Amino acid sequence: MSNIEDVKLQICDVCHKMWQLGWVAANDGNVSAMLDDGTILATPTGMSKSFITPEKLIRLDREGNVLEAAEGLRPSSEIKMHLRCYEKRPDVRSVIHAHPPGATGFAVAHKAMDMYNMIEDVAVIGSVPLTPYGTPSTAEVPNSIEPYLEEHDVMLLENHGALAVGSDVITAFYRMESLELWAKITINAVILGGSHDISRDNIQKLIDLRGYYRVTGRHPGYKVFNPDDKILHKKDEN
């Protein structure tokens, strides 16, 4: 079984980094991780990520029932979104939700990050979809992300923020970190005159490198979008 103390420390470290990076403020965001026995560690509601310590993390079952929690603490209402990720993606062992300003700017502007302009992000993440609006704490949010979970490890939540999943806490954090840097670079490119995509042949070469670099998770492949963010062609079958 995963060393629960190590996983707790990873969650706390990621929470503190998220706060230091300005991805969350006040009670924003949440982090969870699944242990080998199927139980889940999650951050509590109503608490700044800068104050998270191991003893404040909550342990839940796969239905969201609290198994262990310090007095007065309860899980975030957004845990429904985390549970849906674990239900639909057996490979996922950690879920992170945050409000990184660059990426969340795309979500607020109702723009999917469907560009193919950064070598690393083309290979690791691929296009990032914008999921439909959902009222926080309701089933609307998990329902809105579910159609995208099969192909995507990272997604934007309309008018809300961003979501990243991974095989462990650090992998999910790295994906969120890559998303935010990519968003900032793209915004700067637009300010400087325009963002230019990598050629289709080179995009495929980058996707093919995922195996060489042992990149885990899902990748949507190559998709073509029009200016209104509507898919014109399905992803390549190869």
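Buried here means under 20% relative accessible area. Keep that cut-off at hand for the exercises below, and remember that the model is predicted.

**Exercise 1. Find which residues of H3 are buried, and what covers them.**

*Solution.* Start with helix H3, which spans 101-108. Applying the cut-off, the buried residues of H3 are Gly 102, Ala 103, Thr 104, Phe 106 and Ala 107. Next, look at what lies over these residues: the cover includes S5, strand S6 (130-131), S7, S8 and H6. Finally, step just past the end of H3, where His 110 has a positive phi of about 60°.

**Exercise 2. Work out how H3 and H6 are oriented to each other, and which residues make the contact.**

*Solution.* Two packed helices are described by the angle and the distance between their axes. For H3 and H6, the axes come within 7 Å and cross at roughly 70°. Angles of 65 to 115 degrees count as roughly perpendicular, and therefore H3 and H6 are roughly perpendicular to each other. On the H3 side, the contact is made by Pro 101, Gly 102, Ala 103 and Phe 106. H6 brings Leu 179, Glu 180, Ala 183, Thr 186 and Ile 187. Sorted by character, the residues of this contact are 6 nonpolar, 2 polar and 1 charged.

**Exercise 3. Trace the largest nonpolar core and say which elements supply it.**

*Solution.* Begin with the count: this core has 38 residues. Those with the most contacts inside it are Ile 11, Met 18, Met 113, Leu 156 and Leu 179. Now turn to the elements that each supply at least two residues. The helices are H1 (4-20), H3 and H6 (169-191), and the strands are S1 (30-34), S5 (94-98), S7 (154-157) and S8 (161-166). A second, separate core has 19 residues, including Met 34, Leu 60, Cys 85 and Leu 157. Then zoom in on Met 113: leaving aside neighbours within four places in sequence, its contacts are Phe 106, Ser 127, Val 128, Leu 156, Leu 179, Trp 182 and Ala 183.

**Exercise 4. Lay out the strands of the sheet and place H1 on it.**

*Solution.* Write down the order of the 8 strands in this open sheet: S4-S3-S2-S1-S5-S8-S7-S6, with mixed pairing. At the edges are S4 (66-68) and S6, each pairing on one side only. S6 runs parallel to S7, and 2 bridges join them. Leu 130 stands opposite Leu 156 in S7. As a last step, add H1, which packs on the sheet and touches S1, S2 (40-42), S3 (58-60) and S5. The direction of H1 makes about 160° with that of S1.

Note on methods. Residues are numbered from 1 along each chain as its sequence is written. This is a predicted model: local features need pLDDT of at least 70, side-chain atom pairs count only at pLDDT 80 or more; totals for chains, interfaces and linings use all residues. Side-chain values use heavy atoms; hydrogens and water are left out. A nonpolar core is a set of buried Ala, Val, Leu, Ile, Met, Phe, Trp, Tyr and Cys residues joined through side-chain atoms within 4.5 Å. Buried means under 20% relative accessible area, exposed over 50%, partly exposed in between (1.4 Å probe, protein chains only). Helices (H or I, at least four residues) and strands (E, at least two) are DSSP runs, numbered from the N terminus. Contact means heavy atoms within 4.5 Å. Two strands pair if DSSP finds at least two bridges between them. Axes are lines fitted to C-alpha atoms, for helices over the stretch in contact, and angles run from 0 to 180 degrees between N-to-C directions. Angles under 35 degrees count as roughly parallel, over 145 as roughly antiparallel, 65 to 115 as roughly perpendicular and the rest as oblique. Ala, Val, Leu, Ile, Met, Phe, Trp, Tyr, Cys and Pro count as nonpolar, Asp, Glu, Lys and Arg as charged, and the others, Gly among them, as polar.
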